Amino acid sequence: MQEPLPQHAQVVIIGGGIHGCSVAYHLAKAGWTDILLLERKQLTSGTTWHAAGLVGQLQGSHATTAFASYGVELLQEIEAETGQNPGFRQSGSISIAVNHDRLAELRRKADFAALHGIEARYMPTAEIAERWPLMNADGVLGGIYMPSDGSANPIDLTNALARGARMHGATIREHVMVKDVLTAEGTITGVRTDQGTITADVVVNCAGMWARELGRQNGVGVPLHACEHYYLVTEPIKDLPSDLPVLRSYCDGTYWKEDAGKLLFGFAHFHAKPWATDGIPEDFCFDSLPFVEDDVIEVLELAMNRVPVLQETGIRTFFNGPESYSHDGRFTLGEAPDLRNYYVLAGVNSTGIQSGPGAGKALAEWIMAGRPTMDLSEMDPARLEAFQARDPYLRERCPETLVNTYAMHWPNRQRETTRGLRRTPFYHAMKARGACFGEVQGWERPLFFAPQGDAPDIAYSFGRQNWFAYAQDEQKAVREGVGMIDYTMLGKLMVEGADAERFLQRLCTNDMSLPVGRVAYSLMLNTQGGIESDVTVARHAEDAFMVMSSISHTRRDRDYLRRHIQKGEDVRLRDATSAYGVLAVCGPNARALLTAACDCDLSNTAFPFNSLQHFHIGHAPVFAQRLSYSGELGWEIFVTPDFAEHVFDLLLSLGQDLDLRLVGGEALNALRIEKGFLHWGHDMAYTDAPHQVGLGFVCKSEKAIPFIGREAYLDRTADGQGPFLCSVKLRDPEPLIYHNEPVLQGDRIAGYVTSGAYGYATGAAVGLCMVSGPDGGADRAALQEGDWYVLVEGQKIPVDLSLKALYDPSAKRMRQ
């Protein structure tokens, strides 16, 4: 008879797959022994058991690559600790290319591997054919070989983690269904199961494809949906080499691995289907789904052509099983934004075996420290807007993530599903004028404007894409004339109440005792002195401020502010994002254009930089703040939606004589990189301190009300440790950089590009980068020494590295 459940546990983990067992193992190994893992059926019985078990270290981001690299370390060591063999075979992997774009992508992946000390080298076709003799080499241009990759047995690995967790004091109970997660006053209090109630200090949702529904019960969005995922296993193949590397052909949509004398081959589907759209069956346990040949026939034919032995070999197993995919291809890992001590690890997009050990370790460290110990901002549950957690959205969006798994990973690839959800008041007018739209948080945002007669579509490439010349012309307009940009989708949060100023003084590093009508750029720090966000704050009244955030973390900033309202504090938050359309008018001729349109004195004396005024444009009441993200003279004009088109039409008409151009996000990105302006989530995050990114000037440590993290900020500033944000300009005008390219000082990898684009004013590819000196210390000036390079598709490209902005470092132009 099974023992009764304990009445209390420090941490309750829901779900006994790879992630739940990993979290339990790492918590228990670190000394947190009061851990209770509850599994509804049996360990691994959801999706873990049928995983293909691929272990590939090179993932799409720094965090996920670190997870996978740690996973290899654990696979090599856990048998000695637990006595359980995880079935790890380090056979290596080969990824092949059958077109030049794919080869370019693979070379860029190999560059990224170098950042993490992972061996990856180009392998010519002849060598691939020798190493993988069953492959049809027709059309193969080469590939990337990674000798430390391999495969593991999913059940054995999970059992090894479970055994290790028990050895270190954790309790694991199977056949216990969690019915509810219990809360009080915004904090976790425990769980109610089919066998009783357990109080808890922390609850961790590792429920796999059930995580979405479990989270929804408490208002926690977990953006994932199960999708059907196929693989096949052949009959035994005579003389099949047991040391075959894992072979991936992204263009064929297939991977192959040797499996006990047989070949297992699986698919990244060209057309994917959501599963269990009406809910997962209550009795689901080690189940598979019907195999529908029509779902895979296209990719199956490609697989049989690439490995012809499949045409004459029987199939022992036709398998279709559910796997969870997220809406944006990123994990969900971290604390729920609106519920303290409720943590989530789910939606890992079929990478659970290779990423599970590292992801579980990262979450365990977060729980124990009370904060993330590495940059996990890309996975933050707070990145989610409410509509993105709804089933109708996820049913449509998540299968596209599965399709994109083996698709080309273009630097600016746009999603195709669930589009047109959020449109600004200028959407139709801009569409009529050639706008090609991208999507961010559901918002349709112009990327560039195609000239009349050209289709506003993207022809993807790692080189100059079809819009390159258009974006150059848009940059030229802003640098030399005047441009107009839709900023509507930026977050606008009103902070109101008698205590609004005092509240913002505590949250913001800059001085918020602003006169009415003044604007300030500020950071918000955490208690470790890291940058939680950067915002622009405008004072609209004695008791009213507008806090403006970037599109991607509007919700995150709102949640962060809400959490810090103290009991009894007269502070109210009101989201005004959709209440105004916003147009940025920027460039040397911005003042001339707006003067012709409005009834306001726009001179430097009357309307200085960082100020705000109310006036009229045409017949429309507006307010504008004099700011610039482009580095040029500029104003951001706020207008209610009813007057928005009137303002747009008037400015466009008056701008004809000044050669006004509409400007998209691609041009704006290049403009801000040239100017050295940062984007949170790319160029900085909550692990970075202000002195590292050159933003100490907005940290007013002497103000009467200390900002959160002030002491840590002062300590870290005094310590002065890197890495440091710098600017780079490629000397060769042909190569392009985007993100994560390694930056070298001589032959030493010193850091990586955080943001890259091609600048009109500089006439070259430019980027922001995080780099460290040879000793990794505080000598920022030493970064100016030696020869610097950026690694692009295996080639070292000489660059000029600068500690200042490449364009107008004194910022005179936007203050003129």
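Which ring does the charged end of R464 sit over? Select R464 and F468: the charged end of R464 lies over the ring of F468, 4.8 Å from its centre. A charge counts as sitting over a ring if NZ of Lys or CZ of Arg is within 6 Å of the ring centre and within 35 degrees of the ring normal.

Before moving on, a word on ground rules. This is a predicted model, in which local features need pLDDT of at least 70 and side-chain atom pairs count only at pLDDT 80 or more, while totals for chains, interfaces and linings use all residues. Residues are numbered from 1 along each chain as its sequence is written, and side-chain values use heavy atoms, with hydrogens and water left out.

**Stop 1: two crossing helices**

Now select K361 and Y70. Here the charged end of K361 sits over the ring of Y70, 5.3 Å from its centre. Both residues belong to the meeting of two helices: T64, F67, A68, Y70, G71 and L74 in α2 touch Q354, S355, P357, G358, A359, K361 and A362 in α8. Contact means heavy atoms within 4.5 Å. By class, this contact has seven nonpolar, five polar and one charged residues; Ala, Val, Leu, Ile, Met, Phe, Trp, Tyr, Cys and Pro count as nonpolar, Asp, Glu, Lys and Arg as charged, and the others, Gly among them, as polar.

Widen the selection to α2 (residues 62-82) and α8 (residues 352-369), which pack at an angle of about 105 degrees with their axes 7 Å apart. The two helices, α2 and α8, are therefore roughly perpendicular, a label for angles of 65 to 115 degrees. Axes are lines fitted to C-alpha atoms, for helices over the stretch in contact, and angles run from 0 to 180 degrees between N-to-C directions. Helices (H or I, at least four residues) and strands (E, at least two) are DSSP runs, numbered from the N terminus.

**Stop 2: aromatic rings**

The structure holds 28 aromatic pairs. Rings of Phe, Tyr and Trp (its six-membered ring) pair if their centres lie within 6.5 Å; planes under 30 degrees apart count as stacked, over 60 as edge-to-face and the rest as tilted. Try W49 and F286: their ring centres are 5.8 Å apart and their planes at 75 degrees, so this pair is edge-to-face. It links distant parts of the chain, with W49 in the loop between β2 (35-38) and β3 (54-55) and F286 in the loop between β15 (262-267) and α7 (293-306), 237 residues apart. Add Y231 and F319 to see one aromatic cluster with W49 and F286.

For a stacked pair, pick F448 and W467, at 6.0 Å centre to centre and 20 degrees between the planes. Both F448 and W467 are buried, meaning under 20% relative accessible area, where exposed is over 50% and partly exposed in between (1.4 Å probe, protein chains only).

**Stop 3: A268**

Return to the loop between β15 and α7 and select A268. This residue is buried, with a relative accessible area of 6%. Leaving out residues up to four places away in sequence, A268 touches G253, L402, T405 and Y406.

**Stop 4: two enclosed helices**

Finish with α12 (residues 500-507): six of its eight residues are buried, so α12 is largely enclosed by the rest of the structure. Colour A500, F503, L504, Q505, R506 and L507 to see the buried ones. Their cover includes β22 (491-496), β23 (519-525) and α13 (554-563).

Then show α13, where eight of the 10 residues are buried, so α13 too is largely enclosed by the rest of the structure. Among its buried residues are R555, R556, D557, R558 and D559. Elements covering them include α12 and β26 (572-575).

Technical notes. Parallel < 35°, antiparallel > 145°, perpendicular 65-115°, else oblique.
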